[in-house]
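Here is a set of questions and answers about how descriptive words are earned in a structure. Each answer sets a value against a cut-off and then draws the conclusion.

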Amino acid sequence: MPAVRAWTEALSQALKLRGFASLTEYADSLPAVSLADLASDLGGEPMALGQRLSAEAETTGTMERCARSLFARDFRGDLPEGWQPVGGDRSDEATSQEFQLAGIFLTLLTAFPEAYHDAIERVERAMCTMDLPSGWLPEGADDPALIELFGSCWQVVPM
């Protein structure tokens, strides 16, 4: 636990030096930056930052927006060429995109408490049916396509 406490204190200090009161505030100021790049800038691990962002969102009641933000960041980092529609021909690129998407959703599952896992899995299934233009990259948490996708699937049933 001392290592976690030291990291938390170092993160808080790094945020304070940059003029931010929370990790969420800092992340929101850079909506198109990948979680890996945020972690590199702040001296942390992407998974730990994702979990911290999730914890902050749970406190403020903004879990859906946090999920959209993490999704957009990972999507931009893992699929920098953007969305490639999957047609009848299952090319290597489609398989690669499917693999990358599975990883992005696994990251969300890891960052979020179990109470949100069903909602994340519904979003993942719905993502495959979205009619997105080739090359689409989410702008951030407030990307209209993500708002539509998550809004239609993000019903969380209390445990």
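Q: What makes H3 roughly perpendicular to H4?
A: In this predicted model, H3 and H4 pack at an angle of about 100 degrees, and their axes are 8 Å apart. Angles from 65 to 115 degrees count as roughly perpendicular, and therefore H3 is described as roughly perpendicular to H4.

Q: Which residues of H3 and H4 meet, and how many of them are nonpolar, polar or charged by class?
A: On the side of H3 the residues are Leu35, Ala36, Leu38, Ala39 and Leu42, and on the side of H4 they are Pro46, Leu49, Gly50 and Leu53. By class, this contact of H3 with H4 has eight nonpolar residues, one polar residue and no charged residues. Gly is counted among the polar residues, which is the class that applies to Gly50 of H4.

Q: Why are H4 and H5 called roughly antiparallel?
A: The axes of helix H4, residues 46-60, and helix H5, residues 63-78, cross at roughly 155 degrees and come within 8 Å. Because an angle over 145 degrees counts as roughly antiparallel, H4 and H5 are roughly antiparallel to each other. Their crossing is right-handed.

Q: Which residues make the contact between H4 and H5?
A: H4 contributes Gly50, Leu53, Ser54, Ala57 and Glu58, while H5 contributes Met63, Cys66 and Leu70. Sorted by class, the contact of H4 with H5 has five nonpolar, two polar and one charged residues.

Q: What makes H7 oblique to H8?
A: Helix H7, residues 117-127, and helix H8, residues 144-153, have axes that come within 9 Å and cross at roughly 125 degrees. Angles under 35, over 145 or from 65 to 115 degrees have names of their own, and the rest count as oblique; the crossing angle of roughly 125 degrees falls in that remainder, so H7 is oblique to H8. The crossing of H7 and H8 is right-handed.

Q: Which residues of H7 and H8 meet?
A: Ala119, Arg122, Val123, Ala126 and Met127 of H7 meet Leu149, Phe150 and Cys153 of H8. By class, the contact of H7 with H8 has seven nonpolar residues, no polar residues and one charged residue. Arg is counted as charged, which is the class that applies to Arg122 of H7.

Q: How do you know that Leu11 is buried?
A: A residue counts as buried when its relative accessible area is under 20%, and Leu11 has a value of 1%, so Leu11 is buried. Leu11 has its place in helix H1, residues 2-17. Leaving aside neighbours within four places in sequence, Leu11 is in contact with Leu23, Leu42, Leu49 and Arg52.

Q: Why is Leu23 called buried, and which residues does Leu23 touch?
A: Leu23 lies in helix H2, and its relative accessible area is 1%, so with the cut-off set at under 20% Leu23 is buried. Not counting residues up to four places away in sequence, Leu23 touches Leu11, Leu15, Leu42, Leu49, Arg52, Leu53 and Glu56. Leu23 and Leu53 are 30 residues apart in sequence, and their C-alpha atoms are 6.5 Å apart in space.

Q: What makes Ser34 count as buried?
A: The relative accessibility of Ser34 is 11%, and because buried means under 20%, Ser34 counts as buried. Ser34 is found in the loop between helix H2 (23-28) and helix H3 (35-42). Not counting residues up to four places away in sequence, Ser34 touches Arg73 and Gly77.

Q: How do you know that Leu79 is buried?
A: Leu79 has a relative accessible area of 9%, and since the cut-off is under 20%, Leu79 is therefore buried. Leu79 lies in the loop between H5 and helix H6 (92-111). Its contacts, not counting residues up to four places away in sequence, are Asp74, Gln97, Gln100, Leu101, Ile104 and Leu137. The C-alpha atoms of Leu79 and Trp136 are separated by 9.8 Å, with their positions 57 residues apart along the chain.

Note on methods. Residues are numbered from 1 along each chain as its sequence is written. This is a predicted model: local features need pLDDT of at least 70, side-chain atom pairs count only at pLDDT 80 or more; totals for chains, interfaces and linings use all residues. Side-chain values use heavy atoms; hydrogens and water are left out. Axes are lines fitted to C-alpha atoms, for helices over the stretch in contact, and angles run from 0 to 180 degrees between N-to-C directions. Helices (H or I, at least four residues) and strands (E, at least two) are DSSP runs, numbered from the N terminus. A crossing is left-handed if the near helix is turned anticlockwise from the far one by less than a right angle, and right-handed if clockwise. Contact means heavy atoms within 4.5 Å. Buried means under 20% relative accessible area, exposed over 50%, partly exposed in between (1.4 Å probe, protein chains only).
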